[in-house]
Amino acid sequence: MDDKLWTEVDRFFASTLLPDDPVFEETLRSAEEGGLPPISVSAPLGGLLHVLVRAVGARKVLEIGALAGYSTIWMARAVGEGGSVVTLEIDPHHAEVARRNYARAGVDHVVDLRLGRALDSLGALEHEGAGPFDFVFIDADKDHYPEYLRWALRLGRPGTLVVVDNVVRGGRVLEEGSDDPIVAGTRGTLEAMGREPRLVATAIQCVGQKGYDGFAVALVTE
Ligand code: SAH
Ligand code: DHB
Ligand code: MG
């Protein structure tokens, strides 16, 4: 295990492959200065979200958990002219920092940040007929992940891609029968993904600047 090496490889990937746009660093700096936790996706994972959004031609993206807006910006840069990202955030301070970052990144016209409990906002989105979303990124409170997965199916369509962050958490995902709601929520979500006939899914474990974690990806097939 070599965190320092992992971080250097992430930096190498970022400097070699990712756009050289200061707005990403500025967004992370604003998060740090604002006292937000350092849990934005890594730059390479942000880059993957961007590639995947473009690969499926997603025009309507739904994100659950905005924090400082770092991952939102990667996806907002991928939806193209006329595309949009709806992002759900419960914490007013996070939302304020994120909104400033959207403006700085020039994506504030693309991003619709809904302040409140994600489960409430998801109900409101359905009521408004806001879907179907072409791409869903689940990255908020892990204990509610199983419900967020159900909402992704409800607000998606065949062809919708769903990405779920933090499904490894240093290997804690293996703790069967854990009474930690985070572990239970993550395991329950993976089990539901495996069981769900409308999804084909997989998960990938990662090392990098965020330590040892991973993400799951699922495609809605019917
Ligand atoms: N996607 C971001 C990181 C999100 S961190 C990025 O990679 O840049 C998780 C975020 O989810 C935090 O900002 C937290 O306030 C928010 N959150 C936690 N519980 C929530 C809930 N019930 N509804 C909406 N947002 C929630
Ligand atoms: C945590 C949450 C995240 O979304 C993440 O990417 C890393 C850590 C956390 O709550 O600890
Ligand atoms: Mg995360």
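This briefing walks through some pockets, a helix and a few unusual spots in the structure above. Keep in mind that this is a predicted model. The largest pocket holds about 950 Å³ of space, and Asn166 is among the residues closest to its centre. Helix α6 is worth a look too, since its buried residues sit on the same side of the helix.

**The largest pocket**

- Start with the big number: about 950 Å³ of space lies in the largest pocket.
- A total of 46 residues line this pocket, and the closest to its centre are Ile39, Val41, Asp139, Asp165 and Asn166.
- Which elements each supply at least two residues of this lining? They are the helices α1 (3–17), α3 (43–55), α4 (70–76) and α6, plus the strands β2, β6 (199–208) and β7 (211–220).
- Sorted by class, the lining of the largest pocket splits into 23 nonpolar, 13 polar and ten charged residues.

**The second largest pocket**

- The second largest pocket contains about 570 Å³ of space.
- Its lining is made of 27 residues, and Glu25, Leu28, Ala43, Tyr70 and Gln209 are the closest to the centre.
- Two or more lining residues come from each of α1, α2 (22–33), α3 and α4.
- Helix α2 gives the largest share of this lining, with seven residues.
- The class count for the second largest pocket is 15 nonpolar, four polar and eight charged residues.

**Asn166, up close**

- You'll find Asn166 in the loop between β5 (161–165) and α8 (181–195).
- Is Asn166 buried or exposed? With a relative accessible area of 14%, Asn166 falls under the 20% cut-off, so Asn166 counts as buried.
- The side chain of Asn166 makes a polar contact with the side chain of Asp213, at 3.0 Å.
- Leaving aside residues up to four places away in sequence, Asn166 touches Asp139, Lys142, Tyr145, Thr186, Asp213 and Gly214.
- One of those partners, Asp139, is also listed with Asn166 among the residues closest to the centre of the largest pocket.

**The cavity**

- How many cavities of 30 Å³ or more does a search of the whole structure find? The search finds one.
- The largest cavity has about 40 Å³ of space.
- Its lining consists of Val168, Arg169, Arg172, Val173, Ile182, Val183 and Thr186.
- By class, that makes four nonpolar, one polar and two charged residues.
- Thr186 pops up twice here: Thr186 lines the cavity and also touches Asn166.

**Helix α6 and what follows**

- The buried residues of helix α6 (residues 118–128) are Ala118, Leu119, Ser121, Leu122 and Leu125.
- Why do these residues end up on the same side of α6? They do so because they cover an arc of only 160° around the axis.
- The buried residues of α6 pack against three strands, β1 (60–64), β2 (84–89) and β3 (111–115), and against helix α7 (145–155).
- Move just past the end of α6 and you reach Gly129, which has a positive phi of about 70°.
- In the loop between α6 and β4 (135–138) you'll meet Pro132.
- A cis peptide bond links Gly131 to Pro132, with omega at about -10°.

**Positive phi without glycine**

- Leu67 isn't a glycine, yet Leu67 has a positive phi of about 50°.
- Leu67 belongs to the loop between β1 and α4, and Leu67 is buried, with a relative accessible area of 11%.
- Arg169 is another non-glycine with a positive phi, this time of about 45°.
- The place to look for Arg169 is the loop between β5 and α8, the loop that also holds Asn166.
- Arg169 is partly exposed, with a relative accessible area of 34%, and Arg169 is one of the residues lining the cavity.

**A look at Arg29**

- Arg29 sits in helix α2 and is partly exposed, with a relative accessible area of 45%.
- How far apart are Arg29 and Val9 in space? Going C-alpha to C-alpha, Arg29 and Val9 are 21 Å apart, and 20 residues separate them in sequence.

Key. Residues are numbered from 1 along each chain as its sequence is written. Chains are lettered from A and ligands numbered from 1 in the order in which they are written. This is a predicted model: local features need pLDDT of at least 70, side-chain atom pairs count only at pLDDT 80 or more; totals for chains, interfaces and linings use all residues. Side-chain values use heavy atoms; hydrogens and water are left out. Buried means under 20% relative accessible area, exposed over 50%, partly exposed in between (1.4 Å probe, protein chains only). Helices (H or I, at least four residues) and strands (E, at least two) are DSSP runs, numbered from the N terminus. The arc is that of the directions from the helix axis to the C-beta atoms. Contact means heavy atoms within 4.5 Å. A polar contact is a pair of N or O atoms within 3.5 Å; within protein, one must be able to donate a hydrogen and the other to accept it, and residues adjacent in sequence count only if both atoms are side-chain atoms. On a 1 Å grid over the protein atoms alone, a cavity is a set of points where a 1.4 Å probe fits but cannot get out, and a pocket is an open set with protein on both sides within 12 Å along at least five of seven lines; lining residues have an atom within 4 Å of a point. Grid points are joined across faces, edges and corners, and a volume is the space filled by probe spheres set on the points. Ala, Val, Leu, Ile, Met, Phe, Trp, Tyr, Cys and Pro count as nonpolar, Asp, Glu, Lys and Arg as charged, and the others, Gly among them, as polar.
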